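Let's take a walk through part of a fold, strand by strand and helix by helix. Have the viewer open and follow along.

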Amino acid sequence: MAEHHSALGLATALRPVQPVTLVRPHAARRAATFFTEKFPGRCMYAVKANPSPDLLQLLWESGVTHYDVASIGEVRLVSRTLPQATLCFMHPVKAEEAIAEAYFTHGVRTFSLDTIEELEKIMRATRGAEDLTLCVRLRVSSDLSKLSLAAKFGAELDDVKELLFATRQAADALGICFHVGSQAMSPDAYANAMEIVRAAIVEASVTVDVIDVGGGFPSTYPGMEPPPLERYFDAIHRAFESLPISYSAELWAEPGRALCAEYSSLIVRVEKRRGTELYINDGAYGALFDAAHMGWRFPVKRLREVPTASPYEAFSFYGPTCDDIDHMAGPFLLPADIQTGDYIEIGMLGAYGAALRTAFNGFGSDETHIVNDEPMDTLYLGDTHESEPDRVV
Ligand code: PLP
């Protein structure tokens with residue numbers, strides 16, 4: 001991977017024909033160090049957010065020793081990349097063959113589940129293992145989060161007593177886990193979920209060894225400015241301390257986005273302008289899935305060596321494939337005189353952007369460069385911004 005000083009330097013020097021992914025190892029290191037130092041428990045990286053082996057390696061070097069994996073593919077990837085890492089298989093619905101391979105070949109000892117059927121599957125696949133940490137996933141609200149994870153998984157409080165009881169009998173250590181939805185915009189999401197955990201523990205009257213608050217820790221995007229992560233950590237710590245669990249119980253978290261959102265951005269080229277619609281060479285089937293399907297606005301800046309004094313204007317993007325849905329509504333604020341051939345950096349794509357990329361229609365590219373400038377300022381500049389500030393050009 002070639003290394004350049006900045007996104008602007010790279011675009012100017014290479015004038016890339018294909019979209020180019022930029023990675024900023026220093027930003028991911030900073031995020032990992034922050035989380036591992038400040039979170040009042042164990043930090044376990046959710047690999048699905050960005051499974052790049054380079055990222056896994058640098059998270060490991062930054063002190064992340066545990067990894068939340070959700071498929072046998074992720075188990076194999078992390079085992080290969082970080083043989084010393086501890087893996088936790090936190091998908092509540094797994095193939096029996098995947099459980100067996102994870103346990104017998106890769107040494108995985110922690111699994112999540114949300115039904116008796118899954119518990120039976122785990123016990124069959126591991127041939128009645130006696131060294132398991134089994135985490136029962138509770139259904140909690142995603143109402144305070146931007147992306148819901150409330151519909152698909154999680155035992156209802158009303159039915160959890162029997163499941164917790166049966167899991168306690170089978171497990172060496174019993175955990176309770178949940179996920180408040182991705183990009184949780186308030187610490188209350190976790191405080192509310194912890195109340196459901198409390199009710200479940202009281203209802204089942206079992207000894208719980210692990211409380212795993214899942215992912216959901218937010219990053220800052222244009223138009224989405226959550227409180228600082230410390231406020232989330234404080235709310236979680238307070239709630240954890242007040243649960244009816246033993247002094248030795250452990251607190252875990254599974255951050256994905258919070259560790260890797262700033263890790264990468266993308267340089268795209270404008271291939272055509274039609275009014276305020278820019279046709280760019282990456283889109284919904286590339287790294288911009290969330291911009292297309294969730295309507296997220298990502299920070300953007302034009303990469304031009306010689307600044308112009310153009311006012312800003314609101315643009316939308318079309319991606320390169322032939323589909324109408326390959327459209328990112330934005331609005332994305334860019335200089336009004338932007339034109340075909342201009343390069344744009346789109347920031348904050350390290351979480352889920354790279355991971356969701358496809359090669360549909362023959363578009364997309366794996367070209368990746370390391371840059372050591374700072375990730376883009378994520379503040380949405382507002383429709384009334386008069387002129388292009390120096391830092392943007
Ligand atoms: N843990 C589990 C079980 C998940 O399903 C996810 C995301 O889907 C995560 C952790 C990571 O979530 P986030 O990226 O919001 O931190």
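A quick definition before we start: buried here means under 20% relative accessible area, with a 1.4 Å probe and protein chains only. Keep in mind, too, that this is a predicted model.

Let's begin at strand β6, residues 110-113. In a regular strand the side chains alternate between the two faces of the sheet. That's what you get here: Thr110 and Ser112 point one way, while Phe111 and Leu113 point the other way. Which of them are buried, and which exposed? All four are buried.

Now look at who sits beside β6. On the β5 side (residues 86-89), the two strands pair in the parallel sense over two bridges, and Phe89 stands opposite Phe111. To get from β5 to β6 the chain goes through helix α5, residues 96-104, in a right-handed β-α-β crossover.

β6 also pairs with strand β7 (residues 133-137), again in the parallel sense, over four bridges. Here Ser112 stands opposite Cys135. The chain makes this trip from β6 to β7 through helix α6, residues 116-125, and the β-α-β crossover is right-handed as well.

Back to α5 for a closer look. Its buried residues include Ala98, Ile99, Ala102 and Tyr103. The buried residues fall within an arc of 125° when you sight down the axis of α5, so they line one face of the helix. The general reason is that an α-helix has 3.6 residues a turn, so residues three or four places apart point the same way. And what covers the buried residues of α5? The cover includes α4 (72-81), β5, β6 and α6.

Key: Residues are numbered from 1 along each chain as its sequence is written. This is a predicted model: local features need pLDDT of at least 70, side-chain atom pairs count only at pLDDT 80 or more; totals for chains, interfaces and linings use all residues. Side-chain values use heavy atoms; hydrogens and water are left out. Buried means under 20% relative accessible area, exposed over 50%, partly exposed in between (1.4 Å probe, protein chains only). Two strands pair if DSSP finds at least two bridges between them. A crossover is right-handed if, with the strands pointing away from the viewer, the path from the first strand over the helix to the second runs clockwise. The arc is that of the directions from the helix axis to the C-beta atoms. Contact means heavy atoms within 4.5 Å.
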